[in-house]
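User: Please take a close look at one part of this model, the cysteines and any metal site, and then set that part in the rest of the chain. I would like the cut-offs behind each term as you go.

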Amino acid sequence: MHTPVPRPTSISQPFWDGLRHRRIVVPRCDHCDGWIFYPRRHCPHCCSTALTWRQVSGRATLCSFTIARIPTLPVFAQPAPQNLAIVTLAEGFNMNSALVGVEPDAMRIGMALQPVFDLLDDSGAARLLFTAVDT
Ligand SMILES: [Zn+2]
């Protein structure tokens, strides 16, 4: 069973294209400098539509998590359990993701994370996961 491949929209296409090239790009407001994630047509901070896609570092910390011992979908049965997470990027915004390569008992709020570009198919489509920073 294969992990579903995201279907980009006209709004989210740059994000998914970035992941194909192992880059994380996110819209930022040209008016108030607010980061916008998930991607939208307007800034949720000031309603401006002047947005520019910018690359972010990928450095993050664990904001919150839950351990899904029953897979959220059959295709996510392995690896088990799913370490579902909300991560805070160094630039100051949150995104939903999951941690891989981290035992559930080792997960700590505030732990340092780095991106994992999880290849989904032969076309290069990828999803963004995170793992602990090597210390
Ligand atoms: Zn704004």
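Analyst: **Cysteines and the zinc site**

Cys 63 has a relative accessible area of 33%, so it counts as partly exposed; buried means under 20%, exposed over 50%, and partly exposed in between, with a 1.4 Å probe and protein chains only. The model is predicted: local features need pLDDT of at least 70 and side-chain atom pairs count only at pLDDT 80 or more, while totals for chains, interfaces and linings use all residues. Residues are numbered from 1 along each chain as its sequence is written, and side-chain values use heavy atoms, with hydrogens and water left out.

There are zero disulfides in the structure, a disulfide being a pair of cysteine sulfur atoms within 2.5 Å. Cys 63 is accordingly in no disulfide, and the nearest cysteine sulfur, that of Cys 43, lies 20 Å away.

Cys 43 has another role: its SG is one of the protein donors of the zinc ion, together with the SG atoms of Cys 29, Cys 32 and Cys 46, at 2.3 to 2.4 Å from the ion. Donors are N, O and S atoms within 2.8 Å of the metal (3.2 Å for Na, K and Ca); water is not among the atoms, so sites may look incomplete. The angles subtended by the four donor atoms around the zinc ion run from 101 to 117°, and the arrangement is therefore tetrahedral. For four donors, that label requires all angles to lie between 85 and 135 degrees. The ideal angle for four tetrahedral donors is 109.5 degrees.

Along the chain the donors follow the spacing C-x2-C-x10-C-x2-C. The pair Cys 32 and Cys 43 links distant parts of the chain, 11 residues apart, both in the loop between strand S1 (24–29) and strand S2 (51–56). Strands (E, at least two residues) and helices (H or I, at least four) are DSSP runs, numbered from the N terminus. Accessibility separates the two: Cys 32 is partly exposed at 33%, whereas Cys 43 is buried at 0%.

The loop between S1 and S2 also holds Asp 33 and Tyr 38. Asp 33 is not a glycine, yet its phi is positive, at about 70°; with 47% relative accessibility it counts as partly exposed. Tyr 38 is joined to Phe 37 by a cis peptide bond, with omega near 15°.

**The rest of the chain**

Between helix H1 and S1 the loop contains Arg 22. Arg 22 follows H1 and has a positive phi near 60°; its 37% relative accessibility makes it partly exposed.

H1 (residues 13–20) has Phe 15, Gly 18 and Leu 19 as its buried residues. These cover an arc of only 100° around the axis, which puts them on the same side of H1; the arc is that of the directions from the helix axis to the C-beta atoms. Their cover includes S1 and S2, the strands that flank the zinc-site loop, along with strand S6 (112–119) and strand S7 (126–132).

Overall, the chain has one helix and seven strands, in the order α-β-β-β-β-β-β-β. Of its 135 residues, 33% are buried. Among contacts (heavy atoms within 4.5 Å) between residues at least 6 apart in sequence, 50% join residues at least 24 apart. The C-alpha atoms fill a box of roughly 40 × 35 × 25 Å along the principal axes.

Key
Four donors count as tetrahedral if all angles lie between 85 and 135 degrees; four count as square planar and six as octahedral if opposite donors are over 155 degrees apart and all others between 65 and 115; anything else is irregular.
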